[in-house]
Amino acid sequence: TSLLFFLFLFIQSSQFLEQFASLQNGPRKGAGVSQVKGLSIPMLPLAKQKALVRRIDDFLSLIQTLSVN
C-alpha cells in the first residue's frame with residue numbers, strides 16, 4: 001500500500017537514521033521497542049502520500065524501461 005511504501009522510504013531518510021542512531025546504546029548498539037515506538041514519524045496527508053508514491057512509481061517504471069532498452 002501507499003503507506004507502507006512511504007514508511008519504507010522514510011526509514012531510509014537521514015531524519016530517521018539520525019533519530020535511530022541517537023537511541024542506540026549498549027555494547028550491541030541496539031534500541032529497545034519502547035525507544036523505537038517513541039520515534040517521530042512525520043506523516044503527509046494521505047492524498048499527498050499517494051501522489052508521491054505515484055510519482056515514484058512513474059520514475060521507477062521509466063528507469064526499468066530505459067534499462068531494458
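Q: In which element of this predicted chain is confidence lowest, and in which is it highest?
A: This is a predicted model, with a mean pLDDT of 82 for the chain. In the chain, 90% of the residues reach 70 or more. By element, the lowest mean is 76 and the highest is 90. The lowest belongs to H3, the highest to H4.

Q: How should coordinates be read where pLDDT is low?
A: Low pLDDT calls for caution. Predicted coordinates in such places should not be read in detail.

Q: How many helices and how many strands does the chain have?
A: From the N terminus on, the elements run α-α-α-α. That order fits the secondary structure of the chain. The totals are four helices and zero strands.

Q: What share of the 69 residues counts as buried?
A: Buried means under 20% relative accessible area. By that cut-off, the buried share of the 69 residues is 12%.

Q: What share of the exposed area do carbon and sulfur atoms supply?
A: The chain exposes about 5,500 Å². Of this area, carbon and sulfur atoms supply 63%.

Q: Among contacts between residues at least 6 apart in sequence, what share joins residues at least 24 apart?
A: Contacts in the chain are taken between residues at least 6 apart in sequence. Those that join residues at least 24 apart come to 51%.

Q: Why do the buried residues of H2 line one face of the helix?
A: The buried residues in H2 are Phe16, Gln19 and Leu23. Seen down the axis of H2, they line one face of the helix because they fall within a limited arc. On the other side of H2, Ser14, Glu18 and Ser22 are exposed. The arc that holds the buried residues is 65°.

Q: Is Gln19 buried or exposed, and which residues does Gln19 touch?
A: Gln19 sits in helix H2. Its relative accessible area is 19%, and buried means under 20%, so Gln19 is buried. Leaving out residues up to four places away in sequence, Gln19 touches Phe10, Leu39 and Ser40.

Q: Which residues does Leu39 touch, not counting residues up to four places away in sequence?
A: Leu39 lies in the loop between H3 and H4. Its relative accessibility is 14%, so Leu39 counts as buried. The C-alpha atoms of Leu39 and Leu23 are separated by 9.2 Å, with their places 16 residues apart along the chain. Leu39 touches Phe16, Gln19, Phe20 and Leu23.

Q: What separates the C-alpha atoms of Gln15 and Pro42 in space?
A: Gln15 is a residue of helix H2 and is partly exposed, with a relative accessible area of 41%. Beyond four places in sequence, Gln15 touches Phe10 and Pro42. Gln15 and Pro42 are 27 residues apart along the chain. Their C-alpha atoms are separated by 9.9 Å.

Q: How far apart in space are Leu44 and Phe6, C-alpha to C-alpha?
A: Leu44 belongs to the loop between H3 and H4. At 35% relative accessibility, Leu44 counts as partly exposed. Not counting residues up to four places away in sequence, Leu44 touches Phe6, Gln49 and Leu52. Leu44 and Phe6 are 38 residues apart in sequence, and their C-alpha distance is 9.3 Å.

Q: Where is Ala31 found, and which residues is Ala31 in contact with beyond four places in sequence?
A: The location is the loop between helix H2 (14-23) and helix H3 (33-37). At 27% relative accessibility, Ala31 counts as partly exposed. The C-alpha atoms of Ala31 and Ala21, 10 residues apart along the chain, are separated by 8.7 Å. Leaving aside neighbours within four places in sequence, the contacts of Ala31 are Phe20, Leu23 and Val36.

Q: Which residues make the nonpolar surface patch of about 500 Å²?
A: One member, Leu62, is found in helix H4 (residues 46-68). At 45% relative accessibility, Leu62 counts as partly exposed. Patch residues need over 30% relative accessible area, and Leu62 has 45%. The patch is made by Phe59, Leu60, Leu62, Ile63 and Leu66.

Technical notes. Residues are numbered from 1 along each chain as its sequence is written. This is a predicted model: local features need pLDDT of at least 70, side-chain atom pairs count only at pLDDT 80 or more; totals for chains, interfaces and linings use all residues. Side-chain values use heavy atoms; hydrogens and water are left out. Helices (H or I, at least four residues) and strands (E, at least two) are DSSP runs, numbered from the N terminus. Buried means under 20% relative accessible area, exposed over 50%, partly exposed in between (1.4 Å probe, protein chains only). Contact means heavy atoms within 4.5 Å. Accessible areas come from the Shrake-Rupley method with a 1.4 Å probe; for residues, only the protein chains shown count as cover. Patches are made of residues with over 30% relative accessible area and no salt bridge: like charges are joined within 9 Å, nonpolar side chains (Val, Leu, Ile, Met, Phe, Trp, Tyr) within 5 Å. A salt bridge is a side-chain nitrogen of Lys or Arg within 4 Å of a carboxyl oxygen of Asp or Glu. The arc is that of the directions from the helix axis to the C-beta atoms. pLDDT is the predictor's confidence in each residue, from 0 to 100.
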